[in-house]
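User: I would like a close look at one part of this model, followed by its surroundings. Please keep the account plain and connected.

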Amino acid sequence: MRNTLSILVADEPGELSRIVGLFSSRGYNIETISVGKTLEDGWSRCTIVTEGDAAIVEQILKQCERLARVREAKAVTSQPHIEREMALIDVNALTPDDRAEIKNLVDIFRAKIVDITHDRMIVEASGNKEKVDRFIGLLESFGMNEVVRTGYVAINTLMADKGSALQQTA
Amino acid sequence: MRDVATVVETVETAELSDTSANKPMRGAEVLVRSLIRNGVDTIFGLPGGAVLHIYDELWRFRDEITHYLVRHEQGAVHAAEGYARATGKVGAAVVTSGPGATNAVTGIATAYMDSIPLVVITGQVPLPVIGTDAFQEVDTFGITLPIVKHNYLVRDVRDLAAIVDEAFRIAASGKPGPVVIDLPKDITAHICDGPRRCHYDAASAAAPACTDTQTVDIIADRLINAERPVFYVGGGIVTSGAAYALIELAEKLAAPVTPTLMGLGGFPTAHKLSLGMLGMHGTYAANMAVSESDLLVAVGVRFDDRVTGKLATFAPQAEIIHIDIDPSNIGKVKQPHISLVSDAKPALEALLAAIAERGDGPLAAGKAARLDWWKKLSGWRNSVPLVCETSETEIKPQQVIEELHRATNGDAVIVTDVGQHQMWAAQFYPFKRTRQWITSGGLGTMGFGLPAALGAQLALPEQTVVAVVGDGGFQMTNQELITAIQYNIPLKVLIMNNGYLGMVRQWQEMFYDRAYSEVDLSISPDFVKLAEAYGAQGLRATTPAELTSALRQGLEHKGVTVWDIVVTKEENVFPIIPAGQDTRNMILK
Ligand SMILES: Cc1ncc(C[n+]2csc(CCOP(=O)(O)OP(=O)(O)O)c2C)c(N)n1
Ligand SMILES: [Mg+2]
């Protein structure tokens, strides 16, 4: 099962390697990882996508929570959530036809052309895993030179939050 | 970027600041004052370039902190561990950068595996040269990352006081563990004019109370009604100081108790409810009890593979209750049916209260229901007791431990190394109290015994502390004998000399067709002469009669004693459950 974990960790040197080390030393694989600042000074949110059944995920989360500089570790995927990834795709566009067809796909997927030469384009696409995967799949036939992906970020939906708030008061 | 050479130079020539507590002072003084503030009066270490400022301050504060100069940094950390294991206090050690830090790694990992509270200060090259492969630079933060409860690379002298305070809190709180503070040399020279900030502190100092009354009630009912209960208890009992609560609870219920290797002393071995140790070299009764139990109450344990053997067939009929302070321990190896996250002592006390609430009637009914269980348990006990091999002509290793027990009135603190002698000591020295047994259980570190005993003896000057070591492990850290001599630490070291890396030889005998590959230690130094060269008393025994007199003579001696006890060469530890196998495959002899 694919799980997205969200970990709130102090923005200090070495803290990220502590989390990553926890995964590697126990043989848990990291599919994607992304880190960014939060609203609160000194704290970063680290989003990690990993494979594993419920017991493994629970174990990972408990191990993370044991770290002195981790304030919160949760599985976003256990509740309704929104997940996004961005990809930059360097794709061949050798003929006017190809260019037009790529432009077409870009429109359908609400992607963006961010750079162009006479025979290549760089396309920016974002969305959930399925959408980005499918978009890249459709571009394959043109010949791709490089794909760069950010890894996922995820957040629980407002409904999910409300649900948990209600549960707490109940 | 600043010029590296000038930075290094200013570090080398940093001046002493004035000393009163409120005045600006250099980092090294902040460190030493912080250690003192956190209750450190004993520290083990060995100096070097990166920690010169620290040693300069340790010299000035020598009336408040006694520094013990070891001869190898592994010894410093093991000694600090021995000190911590004997007292429950946080042990402290200081080593230099590079090789000093890497030498300390084995000790840090040993403490980590057994959840021992330590604060280890490692010197580091100056901040501006970190990452340049400077002289004696290693990435201590990175190397120790997976074997610490927490670690720091100090980047600003104004953080130092807060870091040390937090390090001690983290080391001692919850499930204890080692904390490493990597301290660049320039920081120890920088003048600190006040704290920059207080660190976010995730670890609360107080042990969590047992608040889950619902679960406590469920467990209490199970305990009262169980027909075949067993308490499986570990190091958590020792750490938590839960031994008395455990005794009371077991007695109330008339339920049997089996400790792990780390739990020895957590329940008196001679108590009528004790089944002895369980696991690979545990007693027949303890292992049988677990495999036929209907309620396994695991307290302060982690279902180590040396205990469970084949996990799938461990306690197959039992409902498993797991009580542990560390949420991540629960379900890590074996999923319990009921779990309670709590420090052991408050949990057991809450169970006692819950049982008392239910009155004597149910308790008596439960006890009656367990009479059959006790018949079975006694049967197992009597059919396969631990046998102490004896001989008139040669010294049997089991006999050594029994004699030692007699000669010390059962009161000595026993510190062991790792190997066969360790298992015999565990099996044949009945422990009366917690912290009477000190061993490297999780990492199984040869070389642990002697330096750890040194630390324990320092912490417990009034008590007899005996390091029981093998002829192999002794040779890994015997240099610390001179530390004992230098500081008049009246350590007793008993070498169980079987001329082999015995435990490995046993496995080769039993599982590798007796191919004794690289385990022969028959070429060894004369341990008596070696002891004498260090200035210690050296005594040898080769017959049972000599054993008795040598033990007496050594225990009467006021200083350091080394016994070279020449024992049967090819004796095996029994029972043994081959690694990863079902309890029922236990080999009895
Ligand atoms: C540092 C280290 N190296 C290797 C081992 C593997 N090992 C476990 S027991 C043992 C033999 C120990 O021999 P000795 O100290 O003579 O004790 P004995 O088993 O003979 O009592 C060895 C080599 C270990 N536990 N630790
Ligand atoms: Mg040996």
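In which sense, parallel or antiparallel, do strand β2 (residues 42-46) of chain B and strand β4 (residues 91-95) of chain B pair, and over how many bridges? Please place the pair in its sheet, and then go on to the contact between the chains.

Analyst: The model is a predicted one. In chain B, strand β2 (residues 42-46) and strand β4 (residues 91-95) pair in the parallel sense, and three bridges join them. Within this pairing, L46(B) stands opposite V95(B) of β4(B).

The two strands belong to an open sheet of six strands in chain B, whose order is β3-β2-β4-β5-β7-β6, with parallel pairing. In that order β2 comes between β3 and β4, and β4 comes between β2 and β5. The edges of the sheet are β3 (66-69) and β6 (150-153) of chain B, each of which pairs on one side only. From one strand to the next, the twist averages 20°.

A helix of chain B also packs on this sheet: α5 (residues 99-113) touches β4, β5 (118-124) and β7 (178-184). The direction of α5(B) makes about 160° with that of β7(B). Strand β4(B) is thus named twice here, as a partner of β2(B) and as one of the strands that α5(B) touches.

The edge strand β6(B) leads on to the contact between the chains. This contact takes 21 residues from chain B and 15 residues from chain A. The area buried between the two chains is about 1,500 Å², and carbon and sulfur atoms give 50% of that area. Two salt bridges are counted between chain B and chain A. In a salt bridge between these chains, the side chain of D326(B) meets that of R66(A), with an N to O distance of 2.5 Å. Seven residue pairs are found in polar contact across the interface, both residues of each pair being at pLDDT 80 or more. On the side of chain B that touches chain A, β6 and α7 (160-172) of chain B each supply at least two residues. Strand β6(B) gives the most, with three residues. By type, the residues of that side of chain B divide into ten nonpolar, five polar and six charged.

Over all chains, the structure holds 46 salt bridges. Within chain A, R71(A) forms a salt bridge with E40(A), and their closest N and O atoms are 2.8 Å apart. This pair links distant parts of the chain, 31 residues apart: R71(A) lies in strand β4 (residues 70-75) of chain A, and E40(A) lies in the loop between β2 (30-37) and β3 (43-51) of chain A.

Notes
Residues numbered from 1 in each chain as written. Chains lettered and ligands numbered in written order. Predicted model: local features only at pLDDT ≥ 70, side-chain atom pairs only at ≥ 80, totals over all residues. Heavy atoms only, no water. Pairing = 2+ DSSP bridges. Helix = DSSP H or I, 4+ residues; strand = E, 2+ residues; numbered from the N terminus. Axes fitted to C-alpha atoms, helices over the stretch in contact; angles between N-to-C directions. Contact = heavy atoms within 4.5 Å. Buried area = accessible area lost by both parts, 1.4 Å probe. Salt bridge = Lys/Arg side-chain N within 4 Å of Asp/Glu carboxyl O. Polar contact = N/O pair within 3.5 Å; in protein donor to acceptor, adjacent residues only side chain to side chain. Nonpolar A, V, L, I, M, F, W, Y, C, P; charged D, E, K, R; others polar.
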